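Biologist: Please take one part of this protein, the stretch where a chain turns from one segment into the next, and examine it closely. I should then like to learn how the surrounding parts are arranged.

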Amino acid sequence: LYSIFFLIINFSFSFFIYANIYLIVHWGVIPFWLLLIFLPNNQITNFFTQSIIPFLLLGVGYAYLSYKIYLEENIFDGFELYSGLDSLYSMFANEVLLLVFWLHFLALSLFMGAWIVRDSRKYLVPKIVIIPSLILTYFTGPMGLVIYWFFRIFFAKKISFND
């Protein structure tokens with residue numbers, strides 16, 4: 001039993017190299033975005049994108065990478081996020097930290113996309129109007145959210161900064 005456990009752990013550490021993790025999470029969020037774009041009001045979309053499922057999966061990856069950082073190096077070596085642009089550049093030269101921040105970006109942009117779909121249901125914003133916002137949110141994060149907010153003003157018939 002110990003040998004089987006050791007083989008599974010050894011396989012996971014050899015398979016989940018940083019390049020594979022990047023590919024898995026990068027391509028893994030695409031189905032969630034396709035559901036948001038093409039079937040925003042479907043129950044399947046609601047179950048998969050409006051729940052904890054995608055964020056739980058990304059969180060597991062985040063925790064795994066954090067554990068790898070803990071095993072390989074001191075997490076605070078090279079973590080100078082607020083020291084200036086040069087420090088940020090040198091921090092992102094570390095593959096693991098770059099991948100952690102990529103997971104961070106994917107999770108936040110997917111959360112924004114799910115919020116856009118949920119909010120568009122509330123204000124009866126047509127699907128054709130939210131598609132550009134969702135695509136922009138996937139690629140640029142907050143910019144897509146701002147574009148949606150401008151569209152939303154016309155359907156909600158009010159300007160609200162805190163909905």
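Modeller: A definition is needed before the part can be located. Helices and strands are runs assigned by DSSP, a helix having at least four residues and a strand at least two, and they are numbered from the N terminus. The model is a predicted one. The protein has nine helices and zero strands, so that its elements, read from the N terminus, run α-α-α-α-α-α-α-α-α.

The part chosen is the loop between α7 and α8, where L124 is found. The phi angle of L124 is near 55 degrees, which is a positive value in a residue other than glycine. As background, most residues other than glycine have a negative phi. L124 has a relative accessible area of 71%, and because exposed means over 50%, L124 counts as exposed.

Let us now move to helix α8, which covers residues 127–140. I130 is in contact with P40, I116, V117, S120, V125 and Y148, leaving aside its neighbours within four places in sequence. I130 also belongs to the largest nonpolar core, where I130, W33, L65 and L134 are the residues with the most contacts inside it. This core has 33 residues. The elements that give two or more residues to the core are α2, α3, α5, α7, α8 and α9. Among these, α7 gives the most, with ten residues. Both helices that flank the chosen loop therefore appear in that list.

T137 lies in helix α8 as well. The relative accessibility of T137 is 0%, so T137 counts as buried, the limit being under 20%. Apart from residues up to four places away in sequence, T137 touches W33, S109, M112, G113, I116, G144 and L145. I116 is thus a contact of T137 and also of I130.

On the other side of the loop stands helix α7, residues 95–122. One salt bridge is counted in the model. The salt bridge is formed by R152 and D119, whose closest N and O atoms are 2.5 Å apart. R152 lies in helix α9 (residues 142–156) and D119 in helix α7, so the pair ties together parts that are 33 residues apart in sequence. R152 and D119 are both buried.

Several residues from earlier in the chain can be added to this picture. Q50 is placed in the loop between α4 (43–49) and α5. With a relative accessible area of 18%, Q50 is buried. Beyond residues up to four places away in sequence, Q50 touches L36, T45, A114, V117, R118 and R121. V117 is therefore a contact of Q50 and of I130. The C-alpha atoms of Q50 and L110 are separated by 9.8 Å, although the two residues are 60 residues apart along the chain.

F55 is found in helix α5. Its contacts, with neighbours within four places in sequence left aside, are T49, A107, L110 and F111. From C-alpha to C-alpha, F55 and F111 are 8.2 Å apart in space, while they are 56 residues apart in sequence.

H26 lies in helix α2. H26 is buried, with a relative accessible area of 16%. When neighbours within four places in sequence are left aside, H26 is in contact with W102, L106 and Y138. H26 and L103 are 77 residues apart along the chain, and their C-alpha atoms are separated by 8.5 Å.

These examples may be set beside the figures for the protein. Of the contacts in the protein with a separation of 6 or more, 65% join residues 24 or more positions apart. Buried residues make up 35% of the 163 residues.

One further feature concerns empty space. The largest pocket has a volume of about 280 Å³. Of the 13 residues that line this pocket, F16, I24, V25, L57 and G61 are the closest to its centre. The elements that give two or more residues to the lining are α2 (18–28) and α5 (53–72). Of the elements, α5 gives the most, with six residues. By type, the lining of the largest pocket divides into eleven nonpolar, two polar and no charged residues.

Methods. Residues numbered from 1 in each chain as written. Predicted model: local features only at pLDDT ≥ 70, side-chain atom pairs only at ≥ 80, totals over all residues. Heavy atoms only, no water. 1 Å grid on protein atoms, 1.4 Å probe; cavity = no way out; pocket = protein on both sides within 12 Å on 5 of 7 lines; lining within 4 Å. Points joined across faces, edges and corners; volume = space filled by probe spheres on them. Nonpolar A, V, L, I, M, F, W, Y, C, P; charged D, E, K, R; others polar. Salt bridge = Lys/Arg side-chain N within 4 Å of Asp/Glu carboxyl O. Buried < 20%, exposed > 50% of the residue type's maximum accessible area, 1.4 Å probe, protein only. Core = buried A, V, L, I, M, F, W, Y, C linked by side-chain atoms within 4.5 Å. Contact = heavy atoms within 4.5 Å.
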